[in-house]
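I am opening a notebook page on a structure that is new to me, and I mean to write down what I look up in the order in which I look it up.

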Amino acid sequence: MSSVPQQLLDRQKAAVTNIAAAQDALFSGFEKLVDLNLKVIKATLGEAAETSQQATELKDPQEAVAFVTSLAQPSAEKAVAYTKNVYEIVSEVSNELLKLSESQVAQAQKNMAESIDQLAKNAPTGSESAVALLKSTLASANNAYDSINKAAKQAVEVAESNLAAAASATVKATEQATKAATTAATTATRAATTARKAS
């Protein structure tokens with residue numbers, strides 16, 4: 001078999017392998033998201049049953065207010081944790097796909113360099129400047145790709161740190177709101193109790 005058909009066959013096999021790897025990464029991520037959602041649903045149903053049981057045992061308004069405000073903080077923390085888990089799964093799949101694309105780009109760069117070298121060997125006399133131009137263009141394209149790739153990775157790092165800061169701020173804000181609501185509810189309940197006793 002000649003080298004050109006064999007190269008085409010090898011490239012087709014590599015393409016099929018890359019597609020299969022991408023599908024595996026996507027399916028794995030989907031599977032993890034489904035598993036996470038099933039766990040969340042199961043936990044939520046259990047907590048709803050428990051919360052309903054606790055709500056039926058409340059005896060006065062002050063207990064009811066305290067009970068309702070006690071639910072806010074854990075709910076916010078669970079929402080932040082869920083968002084974080086989803087982000088981690090999506091980030092993992094994204095990183096796997098990025099690695100696959102980087103390996104494909106590296107292979108394409110290698111193939112292109114080999115093709116240019118082969119062309120240089122078979123090029124007629126006097127075409128050295130054209131071959132040098134092709135090599136220079138390839139080097140410039142590779143450098144541009146590396147710069148873009150580096151900038152994209154830095155953007156992902158910034159996004160991750162911003163997400164962590166936002167999650168932390170959300171939890172703190174919920175804690176403050178819960179404390180304020182508890183204080184206001186307690187004050188209102190005491191005022192109502194005092195007003196009933198006075199009348």
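What pLDDT does the protein average? I started here since the model is a predicted one, and I found an average of 82, with 97% of the residues scoring at least 70. I then looked at where the confidence falls and rises, and noted that it is lowest in helix 3, residues 128-198, at a mean of 79, whereas helix 1, residues 3-56, has the highest value, at 87.

**Entry on the fold.** I went through the secondary structure next and counted 3 helices and 0 strands, which read along the sequence as the pattern α-α-α. The radius of gyration is 31 Å, well over the 16 Å that the globule rule gives for 199 residues, so I have written the protein down as more spread out than a compact globule. I also looked up the extent of the C-alpha trace, which spans about 110 × 35 × 15 Å along the principal axes of the protein.

**Entry on contacts and surface.** I asked myself how the contacts are distributed along the chain, and found that, among those between residues at least 6 apart in sequence, 79% join residues at least 24 apart. Turning to burial, I noted that buried residues make up 13% of the 199 residues. The accessible surface comes to about 14,200 Å², and I recorded that 63% of this area belongs to carbon and sulfur atoms.

**Entry on charge.** I looked up the charged side chains and found 19 positive and 21 negative ones in the protein, with the centres of the two sets lying 4 Å apart.

**Entry on two residues.** Is Thr137 buried or exposed, or does it fall in between? I located Thr137 in helix 3, and its relative accessibility is 47%, so it counts as partly exposed, since that class runs between the 20% limit for buried and the 50% limit for exposed. I then took the distance from Thr137 to Leu9, which is 128 residues away along the chain, and found their C-alpha atoms separated by 27 Å.

For the second residue I chose Ser52, which lies in helix 1 and is likewise partly exposed, with a relative accessible area of 44%. How far apart are the C-alpha atoms of Ser52 and Ser127? I noted a separation of 83 Å for this pair, whose members are 75 residues apart along the chain.

Note on methods:
Residues numbered from 1 in each chain as written. Predicted model: local features only at pLDDT ≥ 70, side-chain atom pairs only at ≥ 80, totals over all residues. Heavy atoms only, no water. Helix = DSSP H or I, 4+ residues; strand = E, 2+ residues; numbered from the N terminus. Rg over C-alpha atoms; globule rule 2.2 N^0.38 Å. Buried < 20%, exposed > 50% of the residue type's maximum accessible area, 1.4 Å probe, protein only. Contact = heavy atoms within 4.5 Å. Areas by Shrake-Rupley, 256 points an atom, 1.4 Å probe, with all protein chains shown as cover. Lys, Arg positive; Asp, Glu negative; His and termini not counted. Charge placed at Lys NZ, Arg CZ, Asp CG, Glu CD. pLDDT = per-residue confidence, 0-100.
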